[in-house]
Amino acid sequence: MRVSRRMMMQSTLGAVVGCRFSRAEENGTVIAEAMDAARQAIPKAAADPGRPVFHFHSPAQWHNDPNGTIFYRGWHHLFYQFNPYGSEWGHMHWGHARSRDLVNWEHLPIALGPSKDKGEEHVFSGGAILASDGRPRVFYTSIGNRPPEQWLAEPQDDELIHWKKSPANPILTVKSHGGLTVNEWRDPFLFREAGSTYMVCGGNLRQSGGQGAVQLYQARNAAMTDWKHLGPIFVHPDRAIWNIECPNLFRLGRKWVLLISPEGPMQYFVGELDLKQPRFIPERQGILDPGKSYASNISVDPAGRTLLWLWGKTETPADKGWNSVMAIPRVLSLSDLGDLRQAPVSEIETLRETPVRLPDMTLQRASRSLISGDCLDLQCEITAGAPAGLRVRGTEIRFTPRNGALKVGDVTGFAAVGKTVKLRVLLDKRVMEVYANDGAAAIFQTVDTWSGPLGIEAFADGEATITAIRSWRMKPATFDLSRF
Ligand code: FRU
């Protein structure tokens, strides 16, 4: 995946539509053409019975990372990496949607497309922040036939539908690093601290081989058009981590959290931020989600919850007219020991239908059918001396009490060591999210919707008791296309 997507990134540079329009209207036309292309794919995507119904997804075609997630004037805004022209990666634009409740969505027109007249070929990932005038700004990586640049755009209306790219662009170029060479430099993420605005970007520090690093910048003016590079704030201690994408650095309770997407399972670090050195000092670390989620973004809602947004890779066959979802937004918190905890937002429970309560059961080297369905919220508690778990449409969720491992399909996370695990499974057609022990482990995985068996069963390699089994069928969320 990583190699082929990178190769695709290179091969599509310079391969998009030429200059057929006057400069003034060019970007509007770029977006109008992209909208037409995306709209044409909607019937095909909608016809696929394997497409998730309560996970956020673009109207059709390919999307990847969540971008510029921000709560503004009563709405959660979600922008995302979007290819309006196909169901594989390419032609990066910023799609846009908004939601009042994190469950039901209104698709809005594409927010940003490449400014071909300025040599821009892709609008890569980035972040949002409220500026001193109280309105959001977005920052993203501009990709063209030149080194990456960081660009700024500002909204022209309060619904954040129309955006104007700043005349000051590029607001940061590789030159800002002086003698330091930063490769794969991208994915700005913004935060404010002690009256200053800061940005972090990902990349790596060596010409070949690489070493993943996060760079820190400070805004020198309120318009956020002038920035100073403060230095690498974090260099990954593991040399095998050759690159860092989408770094997010933010306060969580009394600590700072750094999330990274290192071209492999996402990692988190909890620690302190010393802005004088400047340096991020990790104290604890872990795998955020060993499954098929990637490229995080963060927003904070009016209740003060820190929300985690993740791209969920669905690896959908190319002929289905769609690819990917967003994971259900997760509320982040820290455990007493300072480890990261993730819980799906409680709002998702509004989609539950009548609960089904199943009797407790004891299994002795056996399996037993529980329920069948392809859109479910299922919970249970398993107490076992030997591996036991669930099989969800052929994909196994296997808890090993000896080491606390929780294997979901082909990936393994860690719940707590001990005999008991509390599981929650959100099954939505092609995708499944598994949470263990109140968010100690969170795993995004795919299930085989097209040929996999229906039905969910419990199994035990030795003796296991399964209690507190509850399940709800889930209604589809609303995806309003009337303004797309
Ligand atoms: C992460 C990523 C980012 C980049 C974007 C391009 O999935 O590779 O680093 O900005 O996707 O779509």
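Start at the ligand in this predicted model and select E245: an N or O atom in the side chain of E245 lies 2.7 Å from an oxygen atom of the ligand. The protein covers 100% of the 320 Å² of accessible area that the ligand has on its own.

**Stop 1: the ligand shell**

Add R186 and D187 to the selection. A side-chain N or O atom of R186 is 2.7 Å from a ligand oxygen. For D187, the distance between a side-chain N or O atom and an oxygen of the ligand is 2.6 Å.

Now select every residue around the ligand. There are 15 of them, and the closest are D65, Q81, R186, D187 and E245. Coloured by class, the shell shows seven nonpolar, three polar and five charged residues.

Which elements each supply at least two residues of the shell? Show α1 (2-12), β1 (61-72), β5 (120-130), β9 (183-193) and β17 (293-300) as cartoon; each of these does so.

**Stop 2: N243**

From E245, step back along the chain to N243, in the loop between β12 (227-235) and β13 (245-252). Is N243 buried or exposed? Its relative accessibility is 0%, so N243 counts as buried.

Draw the side chains of N243 and N204: they make a polar contact at 3.1 Å. Then select what else N243 touches, leaving out residues up to four places away in sequence. The list is N183, E184, R186, G203, N204, G212, S261, P262 and E263. R186, one of these contacts of N243, was already selected at the ligand, where R186 is among the closest residues.

**Stop 3: M224 and D438**

Two residues with positive phi come next. Most residues other than glycine have a negative phi, and most peptide bonds are trans.

Select M224, in the loop between β11 (213-219) and β12. M224 is not a glycine, yet its phi is positive, at about 60 degrees. M224 has 2% relative accessibility and therefore counts as buried.

Move to D438, which sits in the loop between β32 (431-436) and β33 (441-446). Phi of D438 is near 55 degrees, again a positive value in a residue other than glycine. Is D438 buried or exposed? With a relative accessibility of 57%, D438 counts as exposed.

**Stop 4: two cis peptide bonds**

Select N169 and P170 and display the backbone. The peptide bond that joins them is cis, with omega about -5 degrees. P170 is placed in the loop between β8 (163-165) and β9; β9 was shown earlier as one of the elements that supply at least two residues of the ligand shell.

Go on to Q277 and P278. A cis peptide bond joins this pair as well, and here omega is about -15 degrees. The loop that holds P278 runs between β15 (266-274) and β16 (279-289).

**Stop 5: an open sheet**

Hide the side chains and show the strands β19, β1, β2, β3, β4 and β36. In that order they form an open sheet of six strands with mixed pairing. Which strands stand at the edges? They are β19 (322-323) and β36 (479-480); each has a single partner strand, so one side of each is left without a neighbour in the sheet.

Zoom in on β2 (residues 75-83) and β3 (residues 93-99). These two strands pair in the antiparallel sense over seven bridges. To find the register, select F82 and look across to H93 in β3, which stands opposite.

**Stop 6: G50**

Select G50, in the loop between α2 (23-47) and β1. G50 has a relative accessible area of 2% and is buried. Which residues is G50 in contact with, beyond its neighbours within four places in sequence? They are W322, K429, R430, T449 and W450.

For a sense of scale, draw a C-alpha to C-alpha distance from G50 to A219. These residues are 169 apart in sequence and 45 Å apart in space.

**Stop 7: D360**

The last selection is D360, in the loop between β23 (352-358) and β24 (361-364). Setting aside residues up to four places away in sequence, D360 touches I466, T467 and A468. A second C-alpha to C-alpha distance, from D360 to I382, reads 10.0 Å for a separation of 22 residues in sequence.

Conventions:
Residues are numbered from 1 along each chain as its sequence is written. This is a predicted model: local features need pLDDT of at least 70, side-chain atom pairs count only at pLDDT 80 or more; totals for chains, interfaces and linings use all residues. Side-chain values use heavy atoms; hydrogens and water are left out. A residue is near a molecule or strand if one of its heavy atoms lies within 4 Å of it. A polar contact is a pair of N or O atoms within 3.5 Å; within protein, one must be able to donate a hydrogen and the other to accept it, and residues adjacent in sequence count only if both atoms are side-chain atoms. Accessible areas come from the Shrake-Rupley method with a 1.4 Å probe; for residues, only the protein chains shown count as cover. Helices (H or I, at least four residues) and strands (E, at least two) are DSSP runs, numbered from the N terminus. Ala, Val, Leu, Ile, Met, Phe, Trp, Tyr, Cys and Pro count as nonpolar, Asp, Glu, Lys and Arg as charged, and the others, Gly among them, as polar. Buried means under 20% relative accessible area, exposed over 50%, partly exposed in between (1.4 Å probe, protein chains only). Contact means heavy atoms within 4.5 Å. Two strands pair if DSSP finds at least two bridges between them.
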